[in-house]
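Trainee: Could you take one part of this model and walk me through it slowly? I'd like a close look at a single strand and its neighbours.

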Amino acid sequence: MKKLPKSFFFCFLFLGISFHAQYSVSGTVTDGSSNTISDTPLFLRSKGDSSIVANATTAGDGRYIFKNIPKGNYILQILYPKQDQFRNITLDKNTQLDFLVKAEKETAIEGIVITSQRKFITRELNKTTINISNSIYKSGDNGYTLMNVIPGVNANIANGIQYRGQQGVSVYINGTKVRMSGAQLQNYLKSVSSASIDKIEFTSETGAEFEGDEKNAVVNIILKKNYNYGLSGYVYQNTQQHRYTSLSSGFGLNYKTNKLNYFISHNNYFGKSYSDNDETQRYLISGLSTVQKEKYVEKPTYNDFKFGIDYELSSRQVLAADYTYSINKTTSSGKTDLAYIRNAMDSLDYISNDKKINVKNHLFNISYKNKLDTLGSKLEAGYNYIGYFNTSFSGIASSYFTDVNTERRPSDFLSINNPLDINLHIGYADLSYVLNGNNKIQLGTKYSSSTSKNEIEYSDRYQSSNYTYKERIFSMYSSYQGKIGSFIFNAGGRLEHTQYNGEDYFSNYKISADRWNFFPSVFVQKNLKNGNINMSYNRKISRPSFQLLNPFKDIEDTRFINVGNPSLMPFFKNSYKISYLLNNKYSFDVGYSTTKGAINEVYYLDPIENITYKTYANLNKEKEVYWNVFIPVDITKWFKLNIFTSNSYKELMTGNIKITLLSPYYSLSAKLTLPSKYYLDINYDYKGKSLWNKYFLESQQSLNFTLRKSFFNDAFSLSFDASDPFRLRKIKINISESDFTRNIINRLPTTFYSLSLTYNFNYGKKNTQREQFDNTNEEQQKRLNK
């Protein structure tokens, strides 16, 4: 078994490098009078779908050459001012083809139109595509505001990016995961002008090629392709004001030479944030109540640096490497007033908690990509390293009084030192082979090895711990896409082998597991006269994060203690979905899912010390039925409205307790084009009462505004955001257990105002674009920070 991962890796790495014989196309461009034409771009396109396969530029003597081109049928295009020419090529040997610049402009070959108007929304088996470049959104917008054009996706500065108001969204650009979140992700996407976006691909139900742990919806922003050389980049700055002020900024540079493409980027953030919590807890047996008021202030600073290089081994093969270093330093100060009440005030506790957290991340990726033919076949392989190093120190001071002036017992102080180191190594290989226009095979393998070391040292009364967790996951997947009559289908499966062991060296507590899991997926599509209907099924796994498996006491204050559970098991979710797209515009979905052994927060009470403990356990069985409707409405030429509604009915079983709830979600996203090309975005969302684990989260709503203006052909953009200015969003959670109830009101900085400036530039012939590599390993990264 140990040799199996290596065998698969090297098999996929070398498979396809010599898949086809390769040839060259060369020639000379002249004007008909023996004068050669230099610095003229040429494109070699696939005859099947007109996609660009390779590019070249004529030299000083008018000559050009395309090297290492696989056998196949192509269209050769020359771009000359007001004169585009096209030639058909059947490539089965080295070919010489000269061009003579003519007076007229050719736009088609033998009835084949090279470009055509694309429909705004199209749907494939498991992917919805929103074509931006030929829509009303092609200018004046950015990557962040365009999230609201995707059916079911809502982006606002209060909640971030969500699907159906509850499911997370992973954002990719050209197939590469954007490793940012919160304000950093928002500001970065705002720097991506809609003028540079070709289309957006959206996947809500992932297939076998995605990790078994991939539960998020996936948004992939595809930028317009420019193959010429030059320097391009962006800079942005954002100022945000709520109770405090925060600042973020960043830049990115990209430079392409003949064979090399260099890139570098930097993002930073600093400011202050806050959280105010009011918690009322009633102990049902003793009749005691506590009223707890918490105020936290954080001062985070964040910096990341990324640089990398792509090297074109040939016109079909690219080798890429990049490295990212990020550091996040946070100091926080929390103060808690805790009152004990029996008919009247019984006693008071005053607790302060000061923290210093320093998180360093190292990410290194090396990737190889080989385009095997003009049909879209490709081979990708690579290695990733993720290093996560967290040092955390906190000091908790507690004072105890019978009333405001009388101390009932001496004060105490507890210091906690909690370092965490995680090292993750990943190797992968993926092969996608297109047999013809209707048939495709995908194969892949991946191996990951991680080691987590977490220590905790207390100054008083609590037992220190040293916990080590090691995990190895090997996976293989395959899928086949074909067509039977009018039905297109994709059937696949992913097999994962997981081994892990954990040990606490202080208590000698040990856990281990060795298991295989299988994740099938099926997608079927039938095209109808006015649209298409899609059906899907997949199975996914949710693994507990490294943090939840640590059996330590995480103490915010001495009356509320969080305890990890090393016995947590992963749980599985089976999802079924039927979707109908009408007239490439209106979208309707119905879904059903079942989950067993979901991880749930569990609260229990120490009645002697009156300490509330929170831990985690595999308790819940869940069933969900939901239905979605997406309707875009063009009210006028200057007023566009997207309406989305999702209703979810959940049935949850915890032991012998059955909980059912119907939860509605509504989202309205409006775009108004104002005079002088100002744009006003209005976003409203409402989420009804919903389940948070087995507890109830009260309804929430928000209304947000964004005013935008672009200058210099969309190169410079200015936007002003008002997030929840009417303070509609309130977070309330009600916890009910057999021996106590707990009501929580949480106030976060959801009401704020921000000003953003973004400038995109390019020097040289045209913008450059990196090759696309899928080296994200997102599910492992998510488990680091839970």
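Which residue in β39 does Ile631 stand opposite?

Mentor: Ile631 stands opposite Ile643 in β39. Before going on, a bit of housekeeping: this is a predicted model, with local features needing pLDDT of at least 70, side-chain atom pairs counting only at pLDDT 80 or more, and totals for chains, interfaces and linings using all residues. Numbering runs from 1 along each chain as its sequence is written, and side-chain values use heavy atoms, leaving out hydrogens and water.

Now, β38 covers residues 611–636. Strands here are DSSP runs of E with at least two residues, numbered from the N terminus, and two of them pair if DSSP finds at least two bridges between them. With β39 (residues 639–654), β38 pairs in the antiparallel sense over 16 bridges, and the two form a hairpin with two residues between them.

Strand β37 (residues 586–606) is another antiparallel partner of β38, this time over 19 bridges. Asn600 has Ala617 in β38 as its bridge partner. The β37–β38 hairpin has four residues between the strands, and Asn610 there takes a positive phi near 55°. Just ahead of β37, Asn584 sits in the loop that links β36 (571–582) to β37; its phi is near 50°, positive in a residue other than glycine.

Then there's β35 (residues 560–563), which pairs with β38 in the parallel sense over three bridges. In that pairing, Phe560 has Thr612 of β38 as its bridge partner.
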